[in-house]
Structure formats: C-alpha cells, structure tokens
Amino acid sequence: MKHVFLSGDPALDFAATLRSRRGVPFEMFTSPESLDSWFRESGVVDGDINCRPSDVEEAVAVREAIYSLVIAKVTDELYDEGALSLVNRAARTPPAIPQLTLTGRRTEATPAQALSSVARHAIEILSGPEVPLLKECANPECTRIYVDRSRGTRREWCGMDPCGNKMKAAAYRARKRGDQPRSDTTN
C-alpha cells in the first residue's frame, strides 16, 4: 500500500490517514498490514512490526485524538481533555529507537513504540515554533493539516497533486463560464 506524506510532519500525515472527513470519509487503516505499511513508509520503523487488529484500533483512536488537538490548535480552541490524555498516554511508552548495525542504521519497534513515536511528533508540532505555520488545505473536500514552510507562508493546498491541481482547474473552469468575477478588473 502506498501512503501519502505531504504534511511536513509524521503526526500530521498520520492524522490524514482518514481522508475526506467532510465528504465520504476514506479510511487508510483497514487492516494490520495497512498500519504496518504506514509505519514503514513514514520512516518511523524500517520493517514490518506485525500489527494486530487491536493495534489498528489503538492507532485509529490516537489518530483521531491527534486530529482533534491539531484542529483545536489551528482554530484557536481549547483542547479536548480526552484527546489530550490519549496522546499523552501513547507518548509515555518508549518510542522506536534507531540502532547502529554493521550495515547502517535500523529502527525496529513494537506497534506501541511506533505509535509512541507518532504521539511524540504530535506533541512536538503542537508545542513547538512551527505552530503558526499549521494550515488546513484550501480544498474544501480535503481535511489535511500541513506545515506551511513555503516562502512567505502563502501555500494554500496540502500539495499540488491532487488538491492544488484540482482547485486551480475548478477556478479556471469557473472563470471560463463567467461564474466568478475577476478581482483584477478596474472600475
């Protein structure tokens, strides 16, 4: 399974594994193998960690807690205490730890350690200097939060493919139909 990593932070990418929250939600964690795949593809671990169905349930709960906290931060609302407690509990488990081997670096972990690493990323992004750079994708169908490290912090979409291209194409079609007044007209 191929996951998408556009957010600029593992915790934000983890929160984005439930796609299209406002429309027809699309769940990426449909099996223990899909969770294994995400941990591996994200770089949290270097191999499969043999997740079980109960690990998927825990990961989904932590993911939803992270998303709740991130949305609260972006909208300047108070954190949900249950979400805060769940993320902090997950972060208390020792994280995945890289080891030096004869052939280089290798990170192995249990599912709980991998999840702890993600929870710790969430704590770092929500309490660190990049909080002002957190933005939600301008595509109304997308609910991905990303770190806008662009020059001038004027990035509008989580990524050009698919959101930026989709929104630009829709704006172009609307202009062609005359649905949208141009902002550069003179009086």
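**Salt bridges, aromatic contacts and the principal pocket**

The structure holds 11 salt bridges. The model analysed here is a predicted one. Side chains of opposite charge can pair when their charged atoms come close. One such contact joins the side chains of arginine 22 and glutamate 136, with an N to O distance of 2.4 Å. This pair connects distant parts of the chain, as arginine 22 belongs to the loop between β1 and β2 (26–27), whereas glutamate 136 belongs to strand β5 (residues 134–136), 114 residues apart. Glutamate 136 has a relative accessibility of 27% and therefore counts as partly exposed.

A second salt bridge is formed by the side chains of arginine 89 and glutamate 58, at 3.6 Å from N to O. Here, too, distant parts of the chain are linked: arginine 89 is in helix α4 (residues 81–92) and glutamate 58 is in helix α3 (residues 53–74), with their positions 31 residues apart. Both partners fall in the intermediate range of accessibility. Arginine 89 is partly exposed, its relative accessible area being 44%, and glutamate 58 is partly exposed at 30%.

The side chains of aspartate 55 and arginine 52 likewise meet in a salt bridge, with an N to O distance of 3.6 Å. Aspartate 55 has a relative accessible area of 13% and is therefore buried, the limit for this class being under 20%. Arginine 52, at 48% relative accessibility, counts as partly exposed. The contact thus pairs a buried acidic residue with a partly exposed basic one.

Salt bridges also connect Arg21, Glu27, Arg63 and Glu64 into a network. Arginine 21 takes part in a further contact of another kind: the charged end of arginine 21 sits over the ring of tyrosine 67, at 3.6 Å from the ring centre.

Aromatic contacts were examined next. The structure holds five aromatic pairs. Phenylalanine 14 and tryptophan 38 form an edge-to-face pair, in which the centres are 4.9 Å apart and the planes make an angle of 70°. Phenylalanine 14 lies in helix α1 (residues 10–15) and tryptophan 38 in helix α2 (residues 32–42), so this pair ties together parts of the chain that are 24 residues apart in sequence. Phenylalanine 14 and tryptophan 38 are both buried.

The ring of phenylalanine 14 also pairs with that of phenylalanine 39; the centres are 6.3 Å apart and the planes lie at 20°, so the pair is stacked. Distant parts of the chain are again linked, with phenylalanine 14 in helix α1 and phenylalanine 39 in helix α2, 25 residues apart. Phenylalanine 14 counts as buried because its relative accessibility is 0%, and phenylalanine 39 counts as buried at 1%. Phe5, Phe14, Phe29, Trp38 and Phe39 form one aromatic cluster.

Backbone geometry was considered for two loop residues. Most residues other than glycine have a negative phi. Serine 20, which is not a glycine, has a positive phi of about 55°. Serine 20 is located in the loop between β1 and β2, and a relative accessibility of 21% places serine 20 in the partly exposed class. Aspartate 76 also has a positive value despite being a residue other than glycine, its phi being near 60°. Aspartate 76 is found in the loop between α3 and α4 and counts as exposed, with a relative accessibility of 73%.

Analysis of the surface concerned the largest pocket, which has a volume of about 250 Å³. Its lining is made up of 15 residues, of which Arg19, Cys142, Cys158, Pro162 and Cys163 lie nearest the centre of the pocket. The elements that give two or more residues to this lining are β1 (18–19) and α6 (160–177). Helix α6 provides the largest share, three residues. By residue class, the lining of the largest pocket divides into eight nonpolar, three polar and four charged residues.

How values were computed
Residues are numbered from 1 along each chain as its sequence is written. This is a predicted model: local features need pLDDT of at least 70, side-chain atom pairs count only at pLDDT 80 or more; totals for chains, interfaces and linings use all residues. Side-chain values use heavy atoms; hydrogens and water are left out. On a 1 Å grid over the protein atoms alone, a cavity is a set of points where a 1.4 Å probe fits but cannot get out, and a pocket is an open set with protein on both sides within 12 Å along at least five of seven lines; lining residues have an atom within 4 Å of a point. Grid points are joined across faces, edges and corners, and a volume is the space filled by probe spheres set on the points. Helices (H or I, at least four residues) and strands (E, at least two) are DSSP runs, numbered from the N terminus. Ala, Val, Leu, Ile, Met, Phe, Trp, Tyr, Cys and Pro count as nonpolar, Asp, Glu, Lys and Arg as charged, and the others, Gly among them, as polar. A salt bridge is a side-chain nitrogen of Lys or Arg within 4 Å of a carboxyl oxygen of Asp or Glu. Buried means under 20% relative accessible area, exposed over 50%, partly exposed in between (1.4 Å probe, protein chains only). Rings of Phe, Tyr and Trp (its six-membered ring) pair if their centres lie within 6.5 Å; planes under 30 degrees apart count as stacked, over 60 as edge-to-face and the rest as tilted. A charge sits over a ring if NZ of Lys or CZ of Arg is within 6 Å of the ring centre and within 35 degrees of the ring normal.
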